[in-house]
Amino acid sequence: RVFYSNRPVITPFRKLMLCAESRKEMEDWISALKSVQKWETYEASQFNMEHFSGMHNWYACSHARPTFCNVCREALPGVTSHGLSCEVCKFKAHKRCAIRSTNNCKWTTLASIGNDIIEDEDGVSMPHQWLEGNLPVSAKCVVCDRNCGSVRRLQDWRCLWCKAIVHNSCKEQLGKVCPLGQCKVSIIPPTALNSIDSDGFWKATSPSCSSPLLVLVNSKSGDNQGVKFLRRFRQLLNPAQVFDLMNGGPQLGLRLFQKFETFRILVCGGDGSVGWVLSELDKLSLHKQCQLGVLPLGTGNDLARVLGWGGLCDDDAQLLQILEKLERATTKMLDRWSVMTYEVVSCLNDVSEIQITQYADSVATHLTKILDSDKHSDVISSAQFLCGTVNDFVAEVGKAYERATENKEEADAMAKKVNL
């Protein structure tokens, strides 16, 4: 498939839509464009605002059944990849029509809902977000339980959040407030994101669900298989709660969620990705208010196996079931250790501090020669000198403890160490 950048290139005279032969090439182009704009040392707020832009994420695709453009309402060609589809909301468009589509992808914040917001005495509620037409073959209306959709034109509706499907004529009979569907426990509704910090980060108010889910996906894991999981999670949840670890690390998501009393994290990647996220949790002191689950991608997933998540998940069609399991999962305590090793040299009566310093300086000098020199003769001579230095030092320590008759137990312990 040919993937398209979701960012047009704007010049003083024209606007261009770039197409690439592969997703990797698309990402390389985006990185190059950002570097030209001096974005190499990114600010988190730049990525943060881009994450909530509401722009469609286009890719070119063919269709096995009649499909219609959501802009001009005409049919899309099905044999060759002349049609574009948004990988988040499934909005369809001709290539010529994509530039005319509005930034009305799946809502992320209160501002993106706009005038459709529902306000009453109970506060602010989220309405259904309807997308017209292009329904699956087996689609049925939730009101009348009859078949929906058409292969002749764009008709009937699908909610991007609760996945409800209704006829044009039945739409008014369905309640206006969206129940958010099967994933409502995990979703942060757009109404919960309604203001921005002074440093440019979104502030999230506590949502109706008791423990929202932060999804952190390593898009490079599993030979870049993480990309399809990233796309699928954005379809099921609020796109604002799904982050790519390769685009800013875990800090962006953790910063958004840190005000919640409790929340859950799902890390999609290998053991290295999990360790990365756990380290950031320690830095932000968030380990007491969150629980972490693992969706193993790629290889080397020992931690996922130990915790009962298995060694590999490569089927993104099972994500809805995985989210349900995550909601019912029990917690296990996990200790993380930082091991620091160091050597303590006792200062003995008969081995003066000056002697110890001389030994240390000599060892350091010859170790440096061994590491830095390209001459075999220097390396060999320095190694021989080190052996002699260590032997001399051990002998001095042994003699000192042989004379330490006032503490026989300590002397025997040191003698064993010297022999070793």
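The dialogue below reads a few features of a predicted model.

Q: What tends to happen to nonpolar side chains in soluble globular proteins?

A: They tend to be buried together. In this structure the largest nonpolar core has 45 residues. Those with the most contacts inside it include Trp161, Phe233, Cys268 and Leu295. Among the elements that give two or more residues to this core are strand 13 (213-217), helix 6 (226-236) and strand 15. A second, separate core has 26 residues, including Trp202 and Phe243.

Q: Which residues does Phe233 touch, leaving out those up to four places away in sequence?

A: Phe233 touches Val215, Val217, Val242, Leu266, Cys268, Leu295, Leu319 and Leu323.

Q: How do side chains lie in a regular strand, and how many bridges join strand 15 to strand 16?

A: In a regular strand the side chains alternate between the two faces of the sheet. Here 7 bridges join strand 15 (residues 263-269) to strand 16, and the two run parallel. Within this pair, Cys268 stands opposite Leu295 of strand 16. Between the two strands the chain passes through helix 8 (residues 271-284), making a right-handed β-α-β crossover.

Q: Why is strand 16 described as largely enclosed by the rest of the structure?

A: Strand 16 spans residues 290-296, and 5 of its 7 residues are buried, so the strand is largely enclosed.

Q: Does Glu172 count as buried or exposed?

A: A residue counts as exposed when its relative accessible area is over 50%. Glu172 has 69% relative accessibility, so it counts as exposed. Glu172 lies in the loop between strand 10 (165-166) and strand 11 (193-196). Its C-alpha atom is 9.9 Å from that of Val143, a residue 29 places apart from Glu172 along the chain.

Key
Residues numbered from 1 in each chain as written. Predicted model: local features only at pLDDT ≥ 70, side-chain atom pairs only at ≥ 80, totals over all residues. Heavy atoms only, no water. Buried < 20%, exposed > 50% of the residue type's maximum accessible area, 1.4 Å probe, protein only. Helix = DSSP H or I, 4+ residues; strand = E, 2+ residues; numbered from the N terminus. Pairing = 2+ DSSP bridges. Right-handed = clockwise from strand over helix to strand, strands pointing away. Core = buried A, V, L, I, M, F, W, Y, C linked by side-chain atoms within 4.5 Å. Contact = heavy atoms within 4.5 Å.
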